[in-house]
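Me: I would like a close look at a single part of this protein, set against the whole. Please take your time and connect the details as you go.

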Amino acid sequence: MRDDRGVTGVLYGVGVGPGDPGLLTLKGRDILLRVSTVFVPAPGADKPSLAMSIVEKAGLEDLDFRRLVFPMSRDEKTLADSWDAAAAEVCAVLGSGKDAAFITLGDPYVYSTFSYLADGVRRRLPSAKIETVPGITTMNLAAALLNRPLVEGGERLCLLPLPEDLGEIAVLARSFDTIVLYKIAGRLREAAAAIAGLGLSDSTAFVSRAGLPDQTVVPALDGLPADAAGYLSVLIVKTGRRA
C-alpha cells in the first residue's frame, strides 16, 4: 500500500470538541484544510455525522469528506469488522502518499473510535505516521457552562462510563471528589435515582448536547426536566467524599 516512492501519507486524528464549532482548535482547522481526505464517523451509510456537521458549521463545508460507518452495536465481531473495513479505506489513501484526517467528537483518545482506527491502520500499514490533535472534551465544556470547577487543589477526579452496577457510584464516592459519568444513554432516570439514594442530587449537575443549539444545562438533579434524555449527556457528581 505504498506509492512508487515508498512514501505513505500521515493520518491525523482531530478532535472537534463536543458540539460548538467555535471550539475547533486552530491547529485542527489548519490540518483539515491541508489534507486530501477527511474521514468522518457515521452510525450508518445514510445517517448524519455530528462530527462532520460541527466541521461544516466551522466554515469548512467544502472539504473532501468520506464517511466511515461505525454501527451502534455491542457485538464484538460487528465492531471488529467495521474497524477493519474503515482501516482499509484509510490505508488506501495513505498508501497513495496522501495525508488524511479522521475527525471525532471531543478528544481522539477519550472514548473515541479513533484509537481503534489507528490500531487498524498500524496493523495494515506499519510505515504510516499517525499524529493526534487533541480536542475539548464534553466534561470540560460542561464545567464551563456550569461555571464550576471540576476539581481544585488536591481533589481527585474520576471519569467513567455509567457502570452497569450503579452500586459502584457509592464506592467511587468514597475515593473521589468529582465523578464524571459518560455513556448514559437510556439509563438517565435509573442513574438519577441511584445518585438521589446517596443524597447527592443537589450536588450533581446534568448537561446534555453541550455546545449544540438545543443544549440543556441543569445545575442540580432536582431540576431535571421530565423530557431530559441521556444521549450525548454527562453527569457531574460532586461527592464531598461521601458514601
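What share of the contacts in the protein with a separation of 6 or more is accounted for by residues 24 or more positions apart? And, as the close look, how covered is strand 8 (residues 204-208), and how does strand 8 pair with strand 10 and with strand 9?

Reply: The model is a predicted one, and the share you ask about is 71%: that fraction of the contacts with a separation of 6 or more is made by residues 24 or more positions apart. The protein that carries these contacts has seven helices and ten strands. Its radius of gyration is 20 Å, close to the 18 Å that the globule rule gives for 243 residues, and it is therefore as compact as a globular protein of that length. The C-alpha trace spans about 65 × 40 × 35 Å along the principal axes, and 48% of the 243 residues are buried. Of the roughly 11,700 Å² that the protein exposes, carbon and sulfur atoms supply 52%.

Turning to strand 8, one finds it mostly covered, with five of its five residues buried. Thr-204, Phe-206 and Ser-208 point one way from the strand, while Ala-205 and Val-207 point the other way, and burial applies to all of them. In other words, residues that point in either direction from strand 8 have under 20% relative accessible area.

The pairing of strand 8 involves two other strands. With strand 10, which covers residues 233-238, strand 8 pairs in the antiparallel sense over five bridges, and within that pairing Phe-206 has Leu-235 as its bridge partner. With strand 9, residues 216-218, strand 8 also runs antiparallel, here joined by three bridges; in this case Ser-208 is partnered by Thr-216. Phe-206 and Ser-208, which point one way from strand 8, thus have bridge partners in strand 10 and in strand 9 respectively.

For a helical counterpart elsewhere in the chain, consider helix 2 (residues 50-57), where Ala-51, Met-52, Ser-53, Ile-54 and Val-55 are buried. The buried residues of this helix pack against helix 1 (26-34) and also against three strands, namely strand 2 (37-42), strand 3 (65-69) and strand 4 (100-104). After helix 2 comes Gly-59, which has a positive phi, near 90°.

Notes
Residues are numbered from 1 along each chain as its sequence is written. This is a predicted model: local features need pLDDT of at least 70, side-chain atom pairs count only at pLDDT 80 or more; totals for chains, interfaces and linings use all residues. Side-chain values use heavy atoms; hydrogens and water are left out. Helices (H or I, at least four residues) and strands (E, at least two) are DSSP runs, numbered from the N terminus. The radius of gyration is taken over C-alpha atoms; the globule rule is 2.2 Å times the number of residues to the power 0.38. Buried means under 20% relative accessible area, exposed over 50%, partly exposed in between (1.4 Å probe, protein chains only). Contact means heavy atoms within 4.5 Å. Accessible areas come from the Shrake-Rupley method with a 1.4 Å probe; for residues, only the protein chains shown count as cover. Two strands pair if DSSP finds at least two bridges between them.
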